[in-house]
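Good morning, and thank you for coming. I would like to walk you through one structure today, moving from strand pairings to side chains and ending with confidence.

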Amino acid sequence: MDLKQSMLLLSSWIAQIGDVGLDLLWRFVHIVVSLWYIFSGIFEAIESYAISLGLIKKYSSINFEKLRCLAVVVDIEEARDVVNVIDLLQWLTTIGVNQVGLFDTQGLLKKCKDLILETVPGSMLLEETGEKDLLPDRKRIALEFISSSDNKEAVVKAANILLQRYLKSSHPEKEKGDDFFTEPHLNEALRVVGENVQPPDLLLVYGPIRSHLGFPAWRLRYTEIVHMGSLKYMRYGSLLKAIHKFTGVHQNYGT
Amino acid sequence: MLSLRVPAPTSFDFRRFNAGGLDRRWRLSRDCLFSLSPDFAGRGIGFGVRSAKSEMAPFTAAEEETLPEGLQPELMPKHVAVIMDGNGRWAKNRGLQPWDGHRAGVEALREIVELCGKWGIQVLTVFAFSTDNWIRPKIEIDFLLSLFERTLKSEFDTLAKNNVRISVIGDSSKLPESLIEVINEVEEVTKNNTRLQLIVAVGYSGKYDVVQACRGIAKRVKDGEIEVGEIDERLIEQELETNCTEFPYPDLLIRTSGELRVSNFLLWQLAYTELFFAQELWPDFGRSGFIEALMSFQQRQRRFGGRKS
């Protein structure tokens with residue numbers, strides 16, 4: 001075998017050894033990354049249980065000044081299991097949340113409204129509450145039941161109110177519409193059709209889809225949106241952590 | 001605590017550690033570290049280093065075919081929306097002026113536009129300037145609008161050659177005349193392009209869009225253009241500013257800088273949009289972040305409010 005052939009063979013062996021070495025290195029990195037994810041998941045679970053047991057002090061008291069209104073979006077399949085929704089509401093009452101909007105696309109929770117109000121201690125309909133009912137020490141929770149009909153359909157109804165006012169104005173041919181169609185006008189018209197226009201400060205999404213699933217868009221301008229995973233696997237610690245994290249958020253509001 | 005961003009869920013869900021999910025993440029990591037594409041090599045290794053290119057690289061037919069491993073062409077979103085947040089913080093973290101952050105943001109946008117064009121995404125909507133941003137210092141606003149004008153002029157030829165259609169939505173009443181002229185020219189010249197539609201939202205907000213749609217319908221009724229007893233959803237959707245595209249509803253919304261809000265962007269249109277909140281500041285959001293967002297989109301179960309069959 002001459003020198004040239006030997007060199008070719010040697011370089012081939014070196015290349016193969018190099019490939020095997022790189023492959024082993026890459027697999028090692030893969031294992032390290034996989035283990036990291038496993039351990040981070042274990043850590044999160046342990047942390048969640050520790051929070052539930054009150055072992056982590058910073059979660060033991062929450063400043064609710066920033067959280068006047070919480071909204072919960074529940075995937076339609078998960079909304080069928082009302083027991084989980086009731087558990088969630090009981091946890092929110094324990095945490096100290098005063099006002100919760102419950103949303104699912106098809107209004108299943110609206111249909112179970114009576115059951116929920118009977119089962120969740122201290123709960124009442126938002127439209128029936130007064131100021132005193134929602135004081136922090138009252139351990140009451142005002143519930144609002146929302147569905148897709150409160151989203152685009154409601155905006156359409158409100159827009160029609162404004163349209164009728166516009167067409168009935170004394171000089172419609174001179175009006176450009178700027179005096180009739182503004183954000184405050186649409187807000188007012190939405191109230192007229194019975195909609196709550198108060199924007200939730202925090203929106204928790206339970207379900208497999210990371211989307212707000214058609215929650216009334218008009219209310220979502222600066223709402224914090226957090227995906228919590230499946231309602232079946234919800235944990236008190238995770239809920240408390242999400243709310244606590246929200247209270248530390250600073251918003252610029254465009255500045 | 002789960003933000004709307006993979007890979008950290010709140011619940012310890014063993015289903016996440018399935019072979020398929022890990023394998024895709026593995027391929028993503030490999031793609032990010034060992035990508036040999038010329039544009040990646042030219043941009044550095046993703047530690048906030050980005051070369052200041054003078055113009056976008058042309059898309060080629062060959063590059064369009066090569067999606068990163070792990071992304072499936074049939075599951076690519078048709079319409080991606082982006083809230084480009086974090087330019088100011090990026091500059092502040094480096095001891096730079098806000099306008100340096102905005103310039104870096106333009107570079108990031110160039111990269112994403114290129115990738116969208118290569119990977120078959122048909123519409124990219126970017127939130128450049130909100131109605132709520134008018135309260136920022138005048139010097140910053142003037143810089144932003146002049147940067148937008150200069151970028152449109154400098155990128156116009158390349159975008160036109162790459163068959164990109166440009167549309168600008170938002171309230172133009174407060175924009176400088178020179179910018180409005182450039183916008184009109186660019187929109188007119190590119191209106192027949194079909195490869196990618198880049199929609200830039202300037203002076204835009206979701207609430208403004210709904211209100212102007214209602215106002216527009218009322219005017220058409222008053223003028224006798226349409227005879228309707230009532231406004232309906234279909235009419236509003238036809239009047240929204242996103243009626244400039246065949247796909248007005250984003251499949252995926254990406255917001256950078258770790259903020260978990262939509263901030264008055266495309267409110268009507270986002271009902272069933274997948275939300276992806278990335279931790280990186282916008283100037284640092286590049287190919288790897290975009291791949292991660294797309295992979296996350298492709299993995300997620302999507303139902304449009306209906307029942308499982």
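Let us begin in chain B, where B:Val164 has B:Leu196 standing opposite, in strand 4 of chain B. Please keep in mind throughout that this is a predicted model. The two strands concerned are strand 3 of chain B and strand 4 of chain B, covering residues 196-204, and they run parallel, joined by six bridges. Strand 3 of chain B, residues 164-169, is mostly covered, with five of its six residues buried. As a general remark, strands of a sheet pair through backbone hydrogen bonds, in either a parallel or an antiparallel manner.

Strand 4 of chain B also leads us to the aromatic residues. How many aromatic pairs does a search of the whole structure find? Over all chains, the search finds 13. One of them joins B:Phe127 and B:Tyr204: the ring centres lie 6.2 Å apart and the planes stand at 85°, so this pair is edge-to-face. B:Phe127 belongs to strand 2 of chain B, residues 123-130, while B:Tyr204 belongs to strand 4 of chain B, so the pair ties together parts that are 77 residues apart in sequence.

Are these two residues buried or exposed? B:Phe127 has a relative accessibility of 8% and therefore counts as buried. B:Tyr204 is at 0% and therefore counts as buried as well. The cut-off behind both statements is a relative accessible area under 20%.

A further pair is formed by B:Phe129 and B:Trp134, with ring centres 4.8 Å apart and planes at 75°, so it too is edge-to-face. B:Phe129 is buried, at a relative accessible area of 4%. Returning to B:Phe127 and B:Tyr204, these residues form one aromatic cluster together with B:Tyr208 and B:Phe265.

I turn next to a polar side chain. B:Gln298 is placed in helix 10 of chain B, which spans residues 287-299. Why does B:Gln298 count as buried? The reason is its relative accessibility of 11%, because buried means under 20%. Two polar contacts reach the backbone from this side chain. A polar atom of the B:Gln298 side chain lies 2.8 Å from the backbone nitrogen of B:Gln72. The backbone oxygen of B:Leu75 is 3.4 Å from a polar atom of that side chain. Leaving aside residues up to four places away in sequence, B:Gln298 touches B:Gly70, B:Leu71, B:Gln72, B:Leu75 and B:Met76.

Let us now move to chain A and its sheet. In what order do the six strands of this open sheet stand? The order is 3-4-2-1-5-6, and the pairing is parallel. Strand 3, residues 123-125, and strand 6 of chain A stand at the edges with a single partner strand each, so one side of each has no neighbour in the sheet. Ignoring direction, neighbouring strands of this sheet are turned against each other by 25° on average.

At one edge, strand 3 of chain A pairs with strand 4 of chain A, residues 141-146, in the parallel sense over three bridges. Here A:Ser123 has A:Ile141 in strand 4 of chain A as its bridge partner.

At the other edge, five bridges join strand 6 of chain A to strand 5 of chain A, residues 202-206, and the two run parallel. A:Val205 stands opposite A:His227, which lies in strand 6 of chain A. How many residues of strand 6 of chain A, residues 224-229, are buried? Six of its six residues are buried, so the strand is mostly covered. Lying across strand 5 and strand 6 of chain A is helix 8, residues 236-247, which runs at about 150° to strand 5 of chain A.

Some overall values for chain B follow. Chain B has ten helices and six strands. Of its 309 residues, 59% are buried. Among contacts in chain B between residues at least 6 apart in sequence, 79% join residues at least 24 apart.

Finally, a word on confidence. The complex receives an ipTM of 0.82 and a pTM of 0.82 from the predictor. For chain B the mean pLDDT is 81, and 76% of the residues reach 70 or more. Where is pLDDT under 50 in chain B? One such stretch is residues 1-24, for which the model has 66 contacts beyond four places in sequence. Another is residues 303-309, with 19 contacts in the model beyond near neighbours in sequence. Where pLDDT is low, predicted coordinates should not be read in detail.

Conventions:
Residues numbered from 1 in each chain as written. Chains lettered and ligands numbered in written order. Predicted model: local features only at pLDDT ≥ 70, side-chain atom pairs only at ≥ 80, totals over all residues. Heavy atoms only, no water. pLDDT = per-residue confidence, 0-100. Contact = heavy atoms within 4.5 Å. Buried < 20%, exposed > 50% of the residue type's maximum accessible area, 1.4 Å probe, protein only. Helix = DSSP H or I, 4+ residues; strand = E, 2+ residues; numbered from the N terminus. Pairing = 2+ DSSP bridges. Polar contact = N/O pair within 3.5 Å; in protein donor to acceptor, adjacent residues only side chain to side chain. Axes fitted to C-alpha atoms, helices over the stretch in contact; angles between N-to-C directions. Phe/Tyr/Trp six-rings, centres within 6.5 Å; stacked < 30°, edge-to-face > 60°.
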